[in-house]
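Visitor: Please take me through the cysteines of this protein, and then through the packing of its interior. I would like the cut-offs stated as you go.

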Amino acid sequence: MFFRNAFLVDITSEPTGKVLKLDSISTNKVWDGMDVVIFDSWHWWLHTGRKQPWDTIQYGNTTVKEMDRLSLYEKALNTWAKWVDSRVDPKKTKVFFQGVSPDHASIPYINAMNCQNQTQPLKNPGDHHPAELVLEKVLKAMCKPMYLLNITSLSQLRIDGHPASAGRGVDCTHWCLAGVPDTWNQLLYTILFSYLK
């Protein structure tokens with residue numbers, strides 16, 4: 001079953017507009033009792049302007065129009081982690097989280113503005129992606145067992161795997177198919193079968 005909740009937490013329609021509720025997950029009932037759940041979230045936190053699906057952000061009694069994306073991501077992950085720790089039975093449900101899919105919009109250590117016209121993988125992935133550090137921090141604080149499918153470093157090397165590398169616009173966040181996501185799927189397939197034995 002595929003269920004899309006890109007931000008893990010709720011976005012509700014209110015009289016004032018769409019509200020991103022960082023401390024609420026009402027869709028969690030869909031995940032209850034599953035044998036395997038696989039989560040992934042970072043890519044969608046980058047959307048701003050008209051691509052951003054909310055008008056305001058609510059956390060507790062505080063409502064704001066904007067907040068640092070890494071802070072939003074961390075708060076949402078903490079809400080999700082509390083749900084996993086309080087609701088998941090590890091004897092029944094195995095929890096996986098796919099790591100951060102990096103974008104190559106600005107890569108100062110190779111003197112490139114973006115991934116456009118890049119035809120070779122990088123030799124060095126550079127520093128750890130900030131969102132991956134946030135994800136690892138939240139996961140380490142969790143009580144229930146879960147598995148991180150850490151695809152970030154290997155994906156950081158593949159600056160040549162985006163549509164812009166093939167001369168199609170300046171899209172440095174999505175991936176060409178066949179390509180990098182196929183590697184993620186092969187890793188997931190291998191891990192699923194070894195982890196579920």
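Guide: The cysteines come next, followed by the nonpolar packing and one serine.

This is a predicted model, in which local features need pLDDT of at least 70, side-chain atom pairs count only at pLDDT 80 or more, and totals for chains, interfaces and linings use all residues. Residues are numbered from 1 along each chain as its sequence is written, and side-chain values use heavy atoms, with hydrogens and water left out.

A search of the whole structure gives 1 disulfide, the term being a pair of cysteine sulfur atoms within 2.5 Å. The partners are Cys 115 and Cys 172, with sulfur atoms 2.2 Å apart. The angle about the S-S bond is -95°, and the link is left-handed. Cys 115 sits in the loop between strand 6 (94-98) and helix 3 (130-140), and Cys 172 in the loop between helix 4 (152-156) and helix 5 (180-195), so the pair ties together parts that are 57 residues apart in sequence. Helices (H or I, at least four residues) and strands (E, at least two) are DSSP runs, numbered from the N terminus.

Both Cys 115 and Cys 172 are buried. Buried means under 20% relative accessible area, exposed over 50%, and partly exposed in between, with a 1.4 Å probe and protein chains only. Cys 176 also counts as buried, because its relative accessibility is 18%. Its sulfur lies 8.7 Å from the closest cysteine sulfur, that of Cys 115, which is too far for a bond. Cys 143, at 70% relative accessibility, counts as exposed.

As for packing, a nonpolar core is a set of buried Ala, Val, Leu, Ile, Met, Phe, Trp, Tyr and Cys residues joined through side-chain atoms within 4.5 Å. The largest one has 33 residues, and those with the most contacts inside it include Leu 20, Phe 39, Trp 45 and Tyr 73. Two or more residues each come from strand 3, helix 1, helix 2 (69-87), strand 6 and helix 3. Helix 2 gives the largest share, 8 residues. Another core, of 9 residues, lies apart from this one, and Leu 149, Val 180, Trp 184 and Leu 188 are among its members.

Last comes Ser 41, in the loop between strand 3 (36-39) and helix 1 (42-45). Ser 41 counts as buried because its relative accessibility is 1%. Its side chain reaches the backbone oxygen of Ala 6 at 2.8 Å. Leaving aside neighbours within four places in sequence, Ser 41 is in contact with Ala 6, Phe 7, Leu 8, Tyr 73 and Phe 97, where contact means heavy atoms within 4.5 Å.

How values were computed: A polar contact is a pair of N or O atoms within 3.5 Å; within protein, one must be able to donate a hydrogen and the other to accept it, and residues adjacent in sequence count only if both atoms are side-chain atoms.
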